[in-house]
Amino acid sequence: MTKSFQQAFNALKEHTCLSYAKIATMGGLCNVDHIIVKATAPNSSPLSDKYVHQLLRLFAISPPCCRAFSLGFARRFGKTRSWRVALKCLLLLHRLLRSSPEDSLFRTELLINRSNGSISLYPCNFRDVSSSDPESFTVFIRSYARLLDEISNEDNHRARPGPPDNSPEEIGRVLEVLEQIQSLIDRVIECKPTGVTARNFLIQTAMKHIIRDSFVCYTVFKNDIVFLLENMFQMPTYQCCISAFSVYKKAALQADQLYEFYQWCKLMGVCGCYEYPFVDRIPLLQIQALESFINGMWEIKDDDGDHQSPSSSPLSSTAEKLGDEGEEERQPLIKLNDDDDDDDSWEDILEASVINFSSHGSDEKDEWRIQVYNPFDGKYVSSDPNYPWGL
């Protein structure tokens, strides 16, 4: 079967489904399946809002329609070989997820059909046969489907009222949410279109929804990462401290990737430039200083027999992973009291930033505190809970 015959057969099949849905609607037999088929027509027109509103009204009036949509979506998305139909299916699902509460029956039915294999967003088996560059469209559809798979799993990236408290349970929850958001941001970056897909109108329409979701994620992420940095030195266990540092180290890598991704989106005209949040980039020197200080801090506590030794710490060499090749000059991490030469090593800077003060009692050991620059609010953070945050 030649490629041209495949394209002609696929086009005929899609138009036949669309014609049937239109005839059924005119005869008063409109149902969820017909709405899905009409909303995902294989043309270059964007997804119409009226189909989203029709489905939401049906979900509110008749809850069984949620199950009907899940099954109809699975059939439509699973059988198509047209990237236009597949993209509109994903856009329709994306819009409905954003418009549905977290505890809605629609989300419950979607999770049930994903768990039993009726809907497969990841891994996604879609393959395009309807375009001149099927590989580029196939990669984008699969990346978008994987993003929606994670969105439908968890929706913890929405803004929450009020700041988190300092309890161990809250710190653990924030760590879990931050890891989920970082995974979600990775999926967003993977959706960057390539080849002819980069300038396609329908692809850019989908990218606007993807990018605006990432704005919400990153806003929540910035607030929670500041909370994590402020409480990193009061973690109850060494493993919690390692997890917090791993999240913070990945945030430094991810910030550079997200910054470049947003710059590309601005050049392509995806969303207005005023909509993009400012990406706070974490200096490499700060990651190195935090890594050394955390290891030293827990070694001191280990001398008292309170915690296991971090000699086999999973904190790997940050300098090797992050690298400083092509790094632009950034503001100094540590506030120094004296003016130092430019050739001072980072170990000297770290030593200058650590304040060793002895207790008055003869039996008490020395305590340490460090002043680390927080790039998210322009302040220095101290490891001593009694020491003021803002300097």
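## Where helix 5 meets helix 9

Which residues in helix 5 meet which residues in helix 9? On the helix 5 side they are Trp83, Arg84, Leu87, Lys88, Leu91, His94, Arg95 and Arg98. Their partners in helix 9 are Leu202, Ile203, Ala206, His209, Ile210 and Asp213. Sorted by class, the residues of this contact come out as 7 nonpolar, 2 polar and 5 charged. Before going further, keep in mind that what you're looking at is a predicted model.

Two packed helices are described by the angle between their axes and the distance between those axes. For helix 5 and helix 9, the angle is about 25 degrees and the axes are 11 Å apart. Angles under 35 degrees count as roughly parallel, and helix 5 and helix 9 are therefore roughly parallel to each other. They cross in a left-handed way.

## The other side of the story: helix 4 and helix 5

Helix 5, residues 83-99, also packs with helix 4, residues 64-79. Here the angle is about 155 degrees, and the axes are 10 Å apart. That makes helix 4 roughly antiparallel to helix 5. The crossing of helix 4 with helix 5 is left-handed.

So who does the touching? From helix 4, the contact is made by Phe69, Phe73, Arg76 and Phe77. Helix 5 brings Val85, Ala86, Cys89, Leu90, Leu92, Leu93 and Leu96. In class terms, the contact of helix 4 with helix 5 has 10 nonpolar residues, no polar ones and 1 charged one.

## Helix 2 against helix 3

Earlier in the chain, helix 2 takes in residues 32-39 and helix 3 takes in residues 49-61. Their axes come within 10 Å and cross at roughly 165 degrees. That makes helix 2 roughly antiparallel to helix 3. Once again the word for the crossing of helix 2 and helix 3 is left-handed.

Val32, Ile35, Lys38 and Ala39 are the helix 2 residues in this contact, and they meet Tyr51, Gln54, Leu55 and Leu58 of helix 3. By class, that gives 6 nonpolar, 1 polar and 1 charged residues.

## Empty space inside

How many cavities of 30 Å³ or more turn up in a search of the whole structure? There are 3. The largest cavity holds about 60 Å³ of space. It has 10 lining residues, and the closest to its centre are Tyr218, Phe221, Ala251, Gln254 and Ala255. Two elements give two or more residues to that lining: helix 9 (201-230) and helix 10 (238-267). Helix 10 has the largest share, with 4 residues. The lining of the largest cavity splits into 8 nonpolar, 1 polar and 1 charged residues.

Next comes the second largest cavity, with a volume of about 40 Å³. Of the 10 residues lining the second largest cavity, the closest to its centre are Ile151, Leu184, Val188, Asp213 and Cys217. You've already met Asp213, in the contact between helix 5 and helix 9. Helix 7 (134-153), helix 8 (168-190) and helix 9 each supply at least two residues of this lining. Helix 9 gives the most, with 4 residues. By class, the lining of the second largest cavity has 6 nonpolar, 2 polar and 2 charged residues.

## Two backbone oddities

Most residues other than glycine have a negative phi, and most peptide bonds are trans. With that in mind, here are two spots to look up in the model.

Which two residues are joined by a cis peptide bond? They are Tyr122 and Pro123, and omega there is about 0 degrees. Pro123 sits in the loop between helix 6 (105-115) and helix 7.

The other spot is Cys271, whose phi is near 65 degrees, a positive value in a residue other than glycine. To find Cys271, look in the loop between helix 10 and helix 11 (284-303).

Notes: Residues are numbered from 1 along each chain as its sequence is written. This is a predicted model: local features need pLDDT of at least 70, side-chain atom pairs count only at pLDDT 80 or more; totals for chains, interfaces and linings use all residues. Side-chain values use heavy atoms; hydrogens and water are left out. Axes are lines fitted to C-alpha atoms, for helices over the stretch in contact, and angles run from 0 to 180 degrees between N-to-C directions. Angles under 35 degrees count as roughly parallel, over 145 as roughly antiparallel, 65 to 115 as roughly perpendicular and the rest as oblique. A crossing is left-handed if the near helix is turned anticlockwise from the far one by less than a right angle, and right-handed if clockwise. Contact means heavy atoms within 4.5 Å. Ala, Val, Leu, Ile, Met, Phe, Trp, Tyr, Cys and Pro count as nonpolar, Asp, Glu, Lys and Arg as charged, and the others, Gly among them, as polar. On a 1 Å grid over the protein atoms alone, a cavity is a set of points where a 1.4 Å probe fits but cannot get out, and a pocket is an open set with protein on both sides within 12 Å along at least five of seven lines; lining residues have an atom within 4 Å of a point. Grid points are joined across faces, edges and corners, and a volume is the space filled by probe spheres set on the points.
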